[in-house]
Each structure stands twice: as structure tokens, then as C-alpha cells.
Amino acid sequence: MESPSVDDFRCLNLACPAYGELGLGNIGLRKWYDTRFGRRRLLRCATCGREFSELKGTALWNTRLPHERAADIMEHVTRGNSFKETAELTHTHRTTVSRLVCIAGEHAQRVHDHHAQDLRVTSLQADERHGFVGRKDQPCWEATVIDPRSKFVVQNALGARTTDLAVRLLFGTRSRLHDPHGVVLFTDGWLPYDSLFPQVFGRPYQPKRQGSRGRLPRLHYRIPRTSGHVRIIKTYHGKRVTDIRVERAAGSQRRIDQELEALGYTTPNTSAVERHNGTARRMNPHQVRKSLAFARLPHVRQTVSDLVNAVYNYCRVHRSLRVKLDEPVGRRQYAQRTPAMAIGIADAVWSMLHLLRTVVLLTPCRS
């Protein structure tokens with residue numbers, strides 16, 4: 001991967017008036033310095049006088065490994081290989097793999113927080129996957145919200161399958177949407193979705209008080225005609241699904257039918273998120289079925305999940321998202337796209353090095 005131009009960098013000092021601003025011409029090359037794995041650029045901000053490495057703010061900062069090997073480690077882990085297998089394949093110590101994956105997972109979450117904002121979606125699907133942390137008697141559920149049209153993972157949350165998990169999932173999703181009042185939500189029969197939908201996607205209003213004394217009534221929520229909630233309730237007998245019941249929990253039936261027609265569905269379903277559950281289990285070494293390779297620490301489980309979601313959104317092409325080229329290029333007739341390209345926040349397929357080298361504005365640099 002070619003090194004970016006000096007003009008593509010910005011000041012990382014929080015106290016600088018030009019913090020985070022691009023294209024001001026305040027970043028210049030201070031000098032080149034040698035490392036064990038090649039030469040690096042030391043940059044200087046002319047506004048505040050601070051100096052910082054070109055890797056500051058990326059996942060490759062202070063990795064103490066060649067960049068190509070760090071990218072190979074992330075590729076192996078996000079292909080479902082355990083930390084031990086990845087260490088053997090890349091000739092790296094297992095603790096080094098764990099350390100780098102945690103750094104990359106935290107970085108991937110910050111990249112997702114930066115790019116996945118003001119999303120223009122009209123429908124969402126939510127579901128949960130079962131897993132473990134530490135021991136088999138410590139379940140850890142991963143709840144996911146996905147856009148069925150672009151297959152983009154909007155939000156995920158980990159923890160016990162309680163109301164708090166649904167709160168973090170739905171309110172986190174709402175904060176990323178351009179219009180949270182124009183969304184149709186498809187979920188399973190988990191009750192917290194039903195009880196939280198009005199608070200998350202409805203419009204609050206204050207009822208009038210009866211009389212002139214006493215406290216105001218509790219806030220109520222109106223469901224706009226532009227939104228809706230559909231529950232797909234499955235009845236199980238043992239491990240088999242014996243019955244499926246579709247229920248309109250909130251919103252306008254006309255709006256729901258309109259969204260189903262736009263998606264090409266004949267009946268409401270959660271097929272997109274359920275298909276993603278299978279993909280995520282193959283990509284995440286801590287969720288591979290019939291395996292004891294589950295995470296031993298909650299932090300490791302969270303960071304691996306964040307890394308897998310970012311790689312799925314930005315680095316892996318989805319066959320159903322390809323578009324036909326106006327003119328074939330050789331034998332190639334289709335252009336492959338990632339979910340991030342389909343939803344409109346990326347214009348190309350990212351490589352693993354691109355993801356790791358993306359600068360995230362977070363902390364001030366040292367002088």
C-alpha cells in the first residue's frame with residue numbers, strides 16, 4: 001500500500017485550533033526516522049508546533065511488527081482461525097496476536113463510529129446470536145441490527161440477554177440514522193423489542209396535566225405513519241421450528257406493505273440478519289459452532305466482534321450486492337461491492353491495511 005501524501009494528514013493535538021482540519025496546509029514533513037521495519041515520517045503541525053508520527057491515530061501505531069504481518073494476523077483471525085492457529089500460521093506468539101487483535105478491534109470500532117453516521121435506511125432487521133465468555137456457564141449474546149438492502153451492519157451489542165442489551169442496541173442504532181422516524185423494524189419475538197420500539201423510533205409528547213397542581217404525567221410516544229414494527233414469532237418444539245406467526249406490533253400496515261414491496265419480500269422475515277449470523281459465526285473464532293475456542297475475557301470478545309463487523313462492512317465483498325458494468329472489462333461483467341459501498345459511505349473495497357491505517361481522531365499527541 002502506498003504511503004499517503006503529507007497533505008492527507010491532519011493535526012492530532014486536541015488543544016490545536018486546527019485539530020482535525022484537513023487541507024489547511026499546516027502539516028509538514030519534519031524528518032524521516034529509522035525503525036526496525038523501515039523508514040517512517042515525523043510530521044509537524046505549523047499551527048501548534050507539535051510533532052507526531054505518520055502512524056499516530058492508526059491501529060499500526062506501536063505494533064512492533066511489519067505492517068504486512070499485522071494485516072495477515074487480522075486476515076487469519078477474521079477467517080475464523082483461533083489465536084493459537086493464527087500464531088502458528090504467522091510465526092507470531094499467541095500473546096502478540098491477542099494484543100494486536102484487541103488494538104485493531106478498538107480501532108475498527110472507532111472507524112465505524114466515524115463513518116456510520118447519518119445513514120439513510122428505510123428498514124432494519126434485528127436478531128441475536130448465542131455465545132460464551134470464560135466458561136460454558138457464562139453466556140454472552142451478540143445482538144445485531146442490519147440494513148437488509150445493503151447488508152450493512154449498523155450496530156451490535158454484547159452481553160446477557162436482558163433489556164439492557166436491547167436498550168444499547170436500539171438506541172445505538174437510532175443515533176446513526178438520518179431519519180429514525182421513517183424506519184420499518186423486523187425482529188423476532190423477543191419482548192424488549194416490542195416495549196422499546198415506541199421510545200426509540202416514536203415521537204415523544206407531554207400529556208396535559210389534570211388540574212394545576214402535582215407533577216406532570218409521564219411522557220407518551222406516538223408512532224409516526226412512516227415507521228412500523230413487525231415481529232416474526234417462532235414456536236419451537238425441541239430444536240425444530242413448528243410454527244411461524246407474523247404480528248404487526250406498531251405502525252401503519254400500509255407503510256409496512258410498501259417497504260416489503262421495495263425489498264422484494266412477499267412476507268415479513270428476518271432473512272438478511274439470519275444469513276449474516278451464519279457469516280459472522282464463520283468469521284469470528286469465538287462463535288464457531290461446536291467449538292471450545294470461546295473468549296476468556298469480555299474485552300477480547302468485544303474487540304474481536306468489532307473487528308469482524310468492520311471487516312465485513314468495509315473489506316469483504318458481498319455477492320448479492322454486485323452491479324452489472326455498463327461495458328465489460330475483459331471477462332469481468334460485474335463490479336463487486338461491499339456493504340459500505342452499497343450504503344454509500346465508501347467508494348472502493350478496503351484492504352486490511354487500509355482499515356488499519358485509517359487515522360481516527362481520538363487523543364492528543366505527545367510533544
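## Helices on the sheet

Helix H7 (residues 271–283) lies across four strands, E4, E7, E8 and E12 (228–237), and runs at about 45° to E4. Helix H8 (residues 298–314) also packs on the sheet, where it touches E7 and E8. The direction of H8 makes about 170° with that of E8. Please keep in mind that this is a predicted model.

## The sheet itself

Let's turn to the strands beneath these contacts. What is the strand order of the open sheet? Reading across, the six strands follow E8-E7-E4-E9-E12-E13, and their pairing is mixed. The edges are formed by E8 (152–159) and E13 (240–251), each of which pairs on one side only. From one strand to the next, the twist averages 15°.

One pairing is worth a look in your viewer. E4 and E7 (residues 141–147) run antiparallel and are joined by five bridges. Within this pair, Ala 126 stands opposite Val 145 in E7. E4 itself covers residues 123–129.

## Two loop residues with positive phi

Next come two backbone angles to check. His 91 has a phi near 55°, a positive value in a residue other than glycine. His 91 is found in the loop that links helix H2 (83–90) to helix H3 (94–115). Is His 91 buried or exposed? Its relative accessibility is 69%, and because exposed means over 50%, His 91 counts as exposed.

Asp 118 is not a glycine either, yet its phi is positive, at about 55°. This residue lies in the loop between H3 and strand E4. With a relative accessibility of 45%, Asp 118 falls between the 20% and 50% limits, so it counts as partly exposed.

## The second largest pocket

Now for a pocket. The second largest one holds about 600 Å³ of space. Its lining consists of 21 residues, and those nearest the centre are Asp 8, Arg 10, Arg 357, Thr 358 and Val 359.

Which helices each supply at least two residues of this lining? They are H3 and helix H10 (352–357). The largest share, three residues, comes from H3. By residue type, the lining of the second largest pocket divides into eleven nonpolar, five polar and five charged residues.

Key
Residues are numbered from 1 along each chain as its sequence is written. This is a predicted model: local features need pLDDT of at least 70, side-chain atom pairs count only at pLDDT 80 or more; totals for chains, interfaces and linings use all residues. Side-chain values use heavy atoms; hydrogens and water are left out. Buried means under 20% relative accessible area, exposed over 50%, partly exposed in between (1.4 Å probe, protein chains only). On a 1 Å grid over the protein atoms alone, a cavity is a set of points where a 1.4 Å probe fits but cannot get out, and a pocket is an open set with protein on both sides within 12 Å along at least five of seven lines; lining residues have an atom within 4 Å of a point. Grid points are joined across faces, edges and corners, and a volume is the space filled by probe spheres set on the points. Ala, Val, Leu, Ile, Met, Phe, Trp, Tyr, Cys and Pro count as nonpolar, Asp, Glu, Lys and Arg as charged, and the others, Gly among them, as polar. Two strands pair if DSSP finds at least two bridges between them. Axes are lines fitted to C-alpha atoms, for helices over the stretch in contact, and angles run from 0 to 180 degrees between N-to-C directions. Contact means heavy atoms within 4.5 Å.
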